[in-house]
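Reader: Before we discuss the assignments, please let me see the model. I shall then ask what each term rests on.

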Amino acid sequence: MAKLTKKMKNRDEISLPLIDQKKENVVPEDFVFIDCSNKDDLKSFYICKHPVTQKEFEDIMGINPSYFQMSNTELKKEEMEQLKKEKNSENNPVETVSWYDVIFYCNKRSVREGLNPVYSVDGMTDVDQWGYEPCSGQTIFGRVRERTKANGFRLPKEIEWEYA
């Protein structure tokens, strides 16, 4: 799964961690600031230092769809041995998630942290109104849009990923 970013309102707000100035927001300690003040085509942003972990995903979504986890009885012997060496799989990146699962996660995490969700489906940012069951292989039906003025979690754009 790709890393998540928190958006900056504009380059002049480098000292502020998030757009929402009415609340006291704290950038999670595992996020780093990417200064793009020298780039005309890119605004500064925060990005997580690591991919979203299985634990982070499960804490928000209530499910861990990853294949590579200790509780998966379908793992091959060598795969289980590797996980046993690591002693725990919860810090491994979450995998076997779709793009739809990711935007669902981003909006849920945004709401949990008091931020404005970035993604909308047919104008609705409340994931409970999307008619989507995460990690089930479904598709979101409706028009998915990114709300560019929202300050919540989102996937990095290709240029941000490359620059980070």
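Reader: Which residue follows H3, and what is the sign of its phi?

Author: H3 is followed by Gly114, whose phi is positive, near 75°. Please note that this is a predicted model, in which local features need pLDDT of at least 70, side-chain atom pairs count only at pLDDT 80 or more, and totals for chains, interfaces and linings use all residues. Residues are numbered from 1 along each chain as its sequence is written, and side-chain values use heavy atoms, with hydrogens and water left out.

Reader: What makes H3 a helix, and what span is expected of H3?

Author: A helix is a DSSP run of H or I with at least four residues, a strand is a run of E with at least two, and both are numbered from the N terminus. H3 covers residues 99-112, which is 14 residues. The expected span is 1.5 Å times one less than the number of residues. For H3 this gives 20 Å, and the helix reaches 20 Å from its first C-alpha to its last.

Reader: Why is Arg109 called buried?

Author: Buried means under 20% relative accessible area, exposed over 50%, and partly exposed in between (1.4 Å probe, protein chains only). Arg109 has 9% relative accessibility, so Arg109 counts as buried. Other buried residues of H3 include Val102, Ile103, Phe104 and Tyr105.

Reader: Against which elements do the buried residues of H3 pack?

Author: They pack against strands S2 (31-34), S4 (119-121), S5 (144-146) and S6 (153-154), and against helix H1 (54-61). Contact here means heavy atoms within 4.5 Å.

Reader: How do you know that Arg109 forms a salt bridge with Glu113?

Author: A salt bridge requires a side-chain nitrogen of Lys or Arg within 4 Å of a carboxyl oxygen of Asp or Glu. The closest N and O atoms of Arg109 and Glu113 are 3.0 Å apart, so the pair meets the definition. Glu113, at 32% relative accessibility, counts as partly exposed. The structure holds four salt bridges.

Reader: What makes Asp59 and Lys55 a salt bridge, and how are they placed in helix H1?

Author: Their closest N and O atoms are 3.2 Å apart. Being four residues apart in H1, they are separated by about one helical turn. Asp59 is partly exposed at 43%, and Lys55 is partly exposed at 36%.

Reader: Which parts does the salt bridge of Glu146 with Lys157 tie together?

Author: The closest N and O atoms of Glu146 and Lys157 are 2.7 Å apart. Glu146 lies in strand S5 and Lys157 in the loop between S6 and helix H4 (158-163), so the pair ties together parts that are eleven residues apart in sequence.
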